[in-house]
Amino acid sequence: MEQWARFLEINAPRILELTLDHALLVSLAIVVALLIGVPLGIYLTTNEYLAGTVLQVASVTLTIPSLALFGIMIPIFSLINKGIGFLPAFVALVLYSQLPIIRNTYTAIKNVNPEMRDAAIGMGMKTHQRLLRVEIPNAMPVIMAGIRTAVVLNIGIAVIAAYIGAGGLGVLITQGISRGDNYLIISGSLAVALLAIIADGLLLLIQKRFTTKAVVE
Amino acid sequence: MITFNQVTKKYSSEKTAVKDVDFTVDEGKIVVLLGPSGCGKTTLLRMVNRLESITEGSIVIDNENSMDLDAIELRRKIGYVIQSNGLFPNMTIEENVMIVTDLLGWNKKKKKERFNYLMKLIGLDPKIYGKRYPHELSGGQQQRIGVVRALAADPPVMLMDEPFGALDPIIREKIQDEFLQIQREVKKTILFVSHDIDEAIKMADKIMLLRDGEIMQYDTPSKMLSHPENEFVNQFFGKDRAIKSLSLHTVRNLQEVIGLAEMDESIYDTKTINVNQDLRNTLSMLLNQEADQVIVTNDQDEKIGSITIDLVQKYLHYEIKGKMSVSQEG
Amino acid sequence: MNNKKLIGNGFRFFIYGLVIAFFAWAIYNQYFSYIFSQSSTFLVLLRQHFVLVLVSSVLAILIAVPAGVLITRPKFRKAEWLITNIVNFGQTIPSLAVLALMISVLGIGFNTAVFALFIYSILPIFRNTVAGLDTIDPNLIDAAKGMGMKPSQILFRIELPNAVYSILAGIRTAVVLNIGTAALAYVVGGGGLGVWIFTGIQLFDNGFLISGAIPVTIMAILADYLLRKLENVLVPKGARAVSNT
């Protein structure tokens, strides 16, 4: 216990900094993933043909092991001299987030009660009005669930990104491994777990805040 | 025969679900347990096959105390039908229906014969439906399968917990008729839970009305309607109980007591009704048409007279309100 | 209508094109050369990777499925909430950390890697087993009890066949995850194809990177595909339709 206290006294600022780095990387990736995934998911509900292909590609992407994906991306990004560091990690996280976000958006909008949709059309709403006022609000809980899955997933994957120099909490763990320092490993992994739990809880709170009371998951 | 001896069920020292219940279900009869939700009717039913334990008293099934038997063995001798049909989605219809006989170790040939017989009872082709899965059937068909599954091992006793409660009214009525038809053939001793008064009047040889785990009245449907023993029973069956009781009487009953009217040949488009139909249906037919008479036909489809609203009213007056013990055959 | 089809097909061919272009580029630059020039090493690493995944997955299935069954029995139901939360927390701990922490318990080597992978694979299988058993309609259990089935008969004839869809999905998730995590076994000296990926990262050698990463990727996609096929075979027809709706 005493050793832990000493360890934290020395390392707390660094742990905090790396946690922020980690959170920043993941948040940026999620925001970009949302900007791509949600509109795409909505569009897919109007094009069944594309939906099948996109969902399949996204699902295969998710099965690619993270270290292998980094291994594939380094040579590709080396072409523009960005083989390691922030960019490949960022792109990988965006790719991994696509499946949960696209799939949940797609199924949620699809599952909006057709009678509700009919009513909206019947009272003369235009397509974008219908989407914004009826379909998206009603699909919100499921879309949020997809975002939560993506965030928790990415927080874990971003740990591996430390190996390609993307920083974040993975640095604590990789350093711990190379130095044989369990304090570093444990504090790093606890920080990751905590970050995931807090992020998940926070998103759940936002989800509850921003969904109309009547819409239940 | 099922006999309840001073049966009591307590969940805790304060919470009593069933209090000192004492009655007998006669061989081959249907007894409907009726009452508002939370009155203990389902608990009482589930005590018979020991899905609920008995706190005090005993339940004797065909001269054997239910507690003397192994629970598993006991249940295999009792047919059990529940509202949500409880069909196993991973099994075909045939596997579902024959599962108890399977547990009992019947041989293949015997099972096949029994399955064909049971499917014939409910009018479904065993060859077509045997290999299907529950989700491929309509709600009504699923419920029919649920009923014959309980009949599979030919148990003398059946427990039915709101078996038709989830069906829509038209299909429900059809399946009720069908089930009464089957009961005439198989003559099981049946305990039947319902919250639907009309269903109880239709299905029951005797009704038991329960409130807060206590028996309010245990009687034949007609007695229940004509001679409610207390205010609760009176209230429960409602002001229109006279009309409800019409469903216990047939056109034939009316004909025997006060006779039919002459046919008015000048009205050419009147509907006809069979002499075995109940008076409640007859009345609704009369109320839903222009002409004020309905032609009555006998079993050979011959016209034997007509019936009018006046006649039904007269019958109601003399026979039902007056001396309510009119026979209750048919 | 035709326009939509065009977009769909366009996207499909774009993806095909991307994959083909990648392989053409990699082959042109001889990034796969190590697989052939060091084929004996490659085969050793491939076999290590395969054995790591196979042994740890089988062990995890043997432990997690019975554990999931046990925790959903009435006797242990009260502990379910606690166990589920522990498992959920466990899942947020990075796989890399699980591997690393095993070093101080078991030292470095193949067995350490197997054990860490085994521990990490238990979670998804356990979770899906519990979820599969929990979502079974209680009326089915009631009906089964009422017709005189013994608890063991209810488990094997009703509960497991109707939960098998969810259990197999958990196993698939675990195995695919496991193939990826096994690439990290290098960190604890457990071998596997991760050795080449890490070597590639450290030496900036694209050949090692691609020769390691592509086989791992193919392995994961193939495992996912094959296990999905297995689901179609093993899940009873009626139970499948229900779980799909």
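**Helix packing and chain contacts in a predicted model**

In this predicted model, helix α3 of chain A meets helix α10 of chain C through A:Ala68, A:Gly71, A:Ile72, A:Ile74, A:Pro75 and A:Ser78 on one side and C:Asn206, C:Leu209, C:Ile210, C:Gly212, C:Ala213, C:Ile214, C:Val216 and C:Thr217 on the other. Sorted by class, this contact of α3(A) with α10(C) comprises nine nonpolar, five polar and no charged residues.

Two packed helices are described by the angle between their axes and the distance between those axes. For α3(A) and α10(C), which spans residues 206-234 of chain C, the angle is about 140° and the axes are 8 Å apart. Angles over 145 degrees count as roughly antiparallel; α3(A) and α10(C) are therefore oblique to each other. Their crossing is left-handed.

This helix pair may now be placed beside the contact of the two chains. In that contact, 35 residues of chain A touch 38 residues of chain C. On the side of chain A, the elements that give two or more residues are α2 (48-63), α3 (66-78), α6 (127-160), α7 (170-179) and α8 (182-210). This side of chain A has 24 nonpolar, 11 polar and no charged residues.

Chain C also touches chain B, with 19 residues from chain C and 20 residues from chain B. Here α7 (138-146), α8 (151-182) and α11 (237-244) of chain C each give two or more residues, and α7(C) provides the largest share, six residues. The side of chain C that touches chain B has 10 nonpolar, five polar and four charged residues.

Note on methods:
Residues are numbered from 1 along each chain as its sequence is written. Chains are lettered from A and ligands numbered from 1 in the order in which they are written. This is a predicted model: local features need pLDDT of at least 70, side-chain atom pairs count only at pLDDT 80 or more; totals for chains, interfaces and linings use all residues. Two residues are in contact if their C-beta atoms, placed from the backbone, lie within 7 Å. Helices (H or I, at least four residues) and strands (E, at least two) are DSSP runs, numbered from the N terminus. Ala, Val, Leu, Ile, Met, Phe, Trp, Tyr, Cys and Pro count as nonpolar, Asp, Glu, Lys and Arg as charged, and the others, Gly among them, as polar. Axes are lines fitted to C-alpha atoms, for helices over the stretch in contact, and angles run from 0 to 180 degrees between N-to-C directions. Angles under 35 degrees count as roughly parallel, over 145 as roughly antiparallel, 65 to 115 as roughly perpendicular and the rest as oblique. A crossing is left-handed if the near helix is turned anticlockwise from the far one by less than a right angle, and right-handed if clockwise.
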